[in-house]
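Ready for some practice in reading a protein model? Grab a pencil, keep the picture open and try each exercise before you peek at its solution.

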Amino acid sequence: MIGDVFRGERLRLAALSAADIPVLARWWQDGAFLRLFDADPAHPLNEQQMAEKVEAWRKEPGTFMFAARPLDGDELIAFVELDGILWSQRMGWISIAIGDPARRGQGYGAEALRLLLRYAFDELNLYRVQLTVFSYNPGAIRLYEKLGFVREGVFREAVHRDGARHDMILYGLLRREWEATRGDRPSP
Ligand SMILES: CC(C)(COP(=O)(O)OP(=O)(O)OC[C@H]1O[C@@H](n2cnc3c(N)ncnc32)[C@H](O)[C@@H]1OP(=O)(O)O)[C@@H](O)C(=O)NCCC(=O)NCCS
């Protein structure tokens, strides 16, 4: 049976909208969040800059961005993205962000990422997805390992922050590993 590939138990994958820009701009004022999210120098963005950034992401070939929202509402709970897809190899990068600390630790990250993986494997028919995470981000590491990602390598001392260097860890997930652990199908 063909189901709704966007719909989960509590969350749904939706398009980013203009109303998300102020929310994302708020997330981008949080220097702790930015330092978990990527290796770029943390730098706050105003709403216009945020809108330009989202537009630039949208134009990148092989990029699929989603807002994860509650089934019955429009709140932006998580931003999830597949990017850098190499179609000839059916391989892509994934990322996830829950910018509001009050929304973390409630299982939303796991559900949003499962929805993104289902999209990657069942809709885009990718074979492999991968990501990097900093060694000082135990919450994200726990999430990825819980979803079956395999620790494949370490970019040793790749990131310098607060006077120390930190590892950046590469995780990958193959289609067969996802199939073995997924336990879900799109909702009818
Ligand atoms: C990483 C992130 C997506 C996780 O989402 P979340 O909704 O907080 O995670 P969940 O509630 O789904 O928890 C998933 C697992 O991680 C564990 N976990 C979550 N936060 C944790 C923390 N800070 N320390 C240790 N474990 C943590 C949970 O206990 C759960 O494991 P369990 O089922 O064994 O108990 C979210 O915290 C976030 O967006 N952080 C800021 C940006 C970021 O780090 N992005 C990832 C960059 S690589």
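**Exercise 1.** Which residue in β3 does alanine 68 stand opposite? Work it out, then follow the neighbouring strands.

*Solution.* Before you start, keep in mind that this is a predicted model.

Step 1: Look across from alanine 68 and you meet alanine 78 in β3.

Step 2: Zoom out to the strands. β2 covers residues 64-70 and β3 covers residues 78-86; the two run antiparallel and are joined by five bridges.

Step 3: Move on to β4, which pairs with β3 in the antiparallel sense over six bridges. One partnership to find here is leucine 82 with isoleucine 94 in β4.

Step 4: Check how the chain gets from β3 to β4. The two make a hairpin with four residues between them, and arginine 90 in that turn has a positive phi of about 55 degrees.

**Exercise 2.** How many residues does helix α4 have, and how far does it reach? Then find its buried residues.

*Solution.* Step 1: Count from residue 108 to residue 123, and you get 16 residues.

Step 2: Go from the first C-alpha to the last. That takes you 21 Å, close to the 22 Å expected at 1.5 Å a residue.

Step 3: Look for buried positions in α4. Among them are Tyr108, Ala112, Leu116, Ala120 and Phe121.

**Exercise 3.** Which element gives the largest share of the largest nonpolar core? Start with the core's best-connected members.

*Solution.* Step 1: The core has 44 residues, and those touching the most other members are Ala68, Ala78, Val80, Ala112, Leu116 and Ala120.

Step 2: The largest share of this core, nine residues, comes from α4.

Step 3: Pick alanine 120 and list its contacts, skipping residues up to four places away in sequence. You should find Leu82, Gly92, Ile94, Leu126 and Val129. Remember Leu82 and Ile94? They are the bridge partners from Exercise 1.

Step 4: Here's the general idea to take along: in soluble globular proteins, nonpolar side chains tend to be buried together.

**Exercise 4.** Why does asparagine 125 count as exposed, and why does phenylalanine 134 count as buried?

*Solution.* Step 1: Find asparagine 125 in the loop between α4 and β5. Its phi is near 60 degrees, a positive value in a residue other than glycine.

Step 2: Count its C-beta neighbours inside 10 Å. There are 10, so asparagine 125 counts as exposed, since the limit for that label is 12 or fewer.

Step 3: Try glutamate 157 in strand β6. With 12 C-beta neighbours inside 10 Å, glutamate 157 counts as exposed too. Its phi is positive as well, near 50 degrees.

Step 4: Now go to phenylalanine 134, which lies in strand β5. It has 21 C-beta neighbours inside 10 Å, so it counts as buried; that label needs 20 or more.

Step 5: Leave out residues up to four places away in sequence, and phenylalanine 134 touches Val159, His166 and Met168.

**Exercise 5.** Which residues come nearest the ligand? Then sort out what its shell is made of.

*Solution.* Step 1: There are 21 residues around the ligand, and Leu36, Arg104, Gly109, Ala110 and Gly139 come nearest.

Step 2: Ask where the shell comes from. α2, β4, α4 and α5 each supply at least two residues, and the largest share, six residues, belongs to α5.

Step 3: Sort the shell by type, and you get 12 nonpolar, six polar and three charged residues.

Methods: Residues numbered from 1 in each chain as written. Predicted model: local features only at pLDDT ≥ 70, side-chain atom pairs only at ≥ 80, totals over all residues. Expected span 1.5 Å × (residues − 1). Near = placed C-beta within 6 Å. Nonpolar A, V, L, I, M, F, W, Y, C, P; charged D, E, K, R; others polar. Core = buried A, V, L, I, M, F, W, Y, C linked by C-beta atoms within 7 Å. Contact = placed C-beta atoms within 7 Å. Pairing = 2+ DSSP bridges.
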